[in-house]
Amino acid sequence: MTTPSESEPGSLERFIGFLETDNGQRVSICVFSVVATLVLLVFPGGVLAYVFGIPFMFFIPGFAVVRLFFWKGTSPEVKFVLSTGISILVVISLGLLLVLTPIGLDSNTTRASLIVFALGAVVVETFWLNADRGATKEKVPQRVTKPMKVDKVVVAMLATALIVSAISLGLIVTAKYPSRTYFAVTDTNGMIVTNTTWTEGANLTLLVHMKNGENGPRNFTMLAYGVSSGFYTTQTFTEILHKNEVWNQTVSFNLTMAGYSRLDFDLYIQEGTEPPYLYGNLHIWISVTSP
């Protein structure tokens, strides 16, 4: 029976040695990003969400960038500080990108943008740059213990980065994200209204869709009326919707007057005792012809 040599590295040392290689770090970024995303989806707001979410936001993106551009010739301390600082810049940049595009900024798009950025950086480094960016080879190195010397400037930078990270996390958690309330008008089958020519005496029925994208329950009031003619009586519909709750309201107009008419739909949203505000207006033009 053979026994392992005392000089042969153990399982833990082999694992740590693998993490020091290029492929080990690439795999670590990918695996942690996927696991963190799953944890944030399954346990939102829990302890595990913070345990995985904080490094996912404030270390992984910057670490991927550091491996791309700042890996060679930098010490472990500097790499850590750069990873933290660059992560903050990446999170802010991704947030601005989401806000300024139709995608929008919410928890789902934030998670998706982070994992896409991290995996994308790994793919670029692995296949596009096609270069050895690490200080070690794929062969498991013999670990030599060296005393770590931490420069005072690095300590100051690290402390500043951690403080800024904590402040940024607090701002992100407490920020009021843009409204994602959904408001649309379709026919009764949920399709785009394509038939805008009707015969006098017909009954036109439309379906108004609303979904509460605010941060809590709101009082929704929808007004339906004809702008180009006072012949159509204003119809008022009211509903209290909780967050993400959907309201589909049918609205009918008796087309008893020939001519062109504009049908308008105004949506008002009210929070608690605050005065309601006009969230948006939708309208369609119809032509009513004599039989």
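Which helix is Val47 found in? Val47 sits in helix α3, and that helix is a good place to begin looking around this predicted model.

**View 1. A nonpolar patch on the surface.** Eight side chains come together here: Val34, Leu38, Leu41, Val42, Phe43, Val47, Leu48 and Val51 make up a nonpolar surface patch, and their joint accessible area is about 740 Å². Two elements, α2 (22-42) and α3 (47-58), each supply two or more of the patch residues. The biggest giver is α2, with four residues. Val47 is a handy one to pick out, and it counts as exposed because its relative accessibility is 67%.

**View 2. Helix α2 from end to end.** Now follow the helix that gives the most to the patch. With 21 residues at 1.5 Å a residue, α2 should span 30 Å, and its end C-alpha atoms are indeed 30 Å apart, so the expected and modelled spans agree. While α2 gives four residues to the surface patch, other residues of this helix are buried, among them Ile29, Ala36, Val39 and Leu40. The buried set in α2 also includes Asp22, Gln25, Arg26, Ser33 and Thr37.

**View 3. Phenylalanine rings meeting.** The whole structure holds four aromatic pairs. One of them is Phe59 with Phe80, a tilted pair with 5.6 Å from centre to centre and 35 degrees between the planes. Phe59 lies in the loop between α3 and α4 (60-69), while Phe80 belongs to helix α5 (residues 76-99), so this pair ties together parts that are 21 residues apart in sequence. How exposed are the two rings' residues? Phe59 counts as partly exposed because its relative accessibility is 23%. Phe80, at 36%, counts as partly exposed as well. Phe63 joins in too: ring pairs link Phe59, Phe63 and Phe80 into a cluster.

**View 4. Strand β8 and its partners.** Let's move on to the strands. Strand β8 (residues 277-289) runs parallel to strand β2 (residues 197-199), and three bridges join them. To find the spot, look for Thr199, whose bridge partner in β8 is Thr289. Strand β8 also pairs with strand β7 (residues 259-270), this time in the antiparallel sense and over 11 bridges. Here Tyr260 has Ser287 of β8 as its bridge partner. β7 and β8 form a hairpin with six residues between the strands, and Gly272 in that hairpin takes a positive phi near 60 degrees.

**View 5. An unusual backbone angle at Asn244.** Most residues other than glycine have a negative phi. Asn244 is not a glycine, yet it has a positive phi of about 70 degrees. Where is Asn244 found? It is in the loop between β5 (235-241) and β6 (246-254). Its relative accessibility is 47%, so Asn244 counts as partly exposed.

**View 6. Asn215 in another loop.** This asparagine is found in the loop between β3 (203-211) and β4 (218-226). Is Asn215 buried or exposed? Asn215 is exposed, because its relative accessible area is 53% and the cut-off for exposed is over 50%. To get your bearings, find Thr181: it is 34 residues from Asn215 along the chain, and the C-alpha atoms of the two are separated by 10.0 Å.

How values were computed: Residues are numbered from 1 along each chain as its sequence is written. This is a predicted model: local features need pLDDT of at least 70, side-chain atom pairs count only at pLDDT 80 or more; totals for chains, interfaces and linings use all residues. Side-chain values use heavy atoms; hydrogens and water are left out. Patches are made of residues with over 30% relative accessible area and no salt bridge: like charges are joined within 9 Å, nonpolar side chains (Val, Leu, Ile, Met, Phe, Trp, Tyr) within 5 Å. Accessible areas come from the Shrake-Rupley method with a 1.4 Å probe; for residues, only the protein chains shown count as cover. A salt bridge is a side-chain nitrogen of Lys or Arg within 4 Å of a carboxyl oxygen of Asp or Glu. Buried means under 20% relative accessible area, exposed over 50%, partly exposed in between (1.4 Å probe, protein chains only). Two strands pair if DSSP finds at least two bridges between them. The expected span of a helix is 1.5 Å times one less than its number of residues. Rings of Phe, Tyr and Trp (its six-membered ring) pair if their centres lie within 6.5 Å; planes under 30 degrees apart count as stacked, over 60 as edge-to-face and the rest as tilted.
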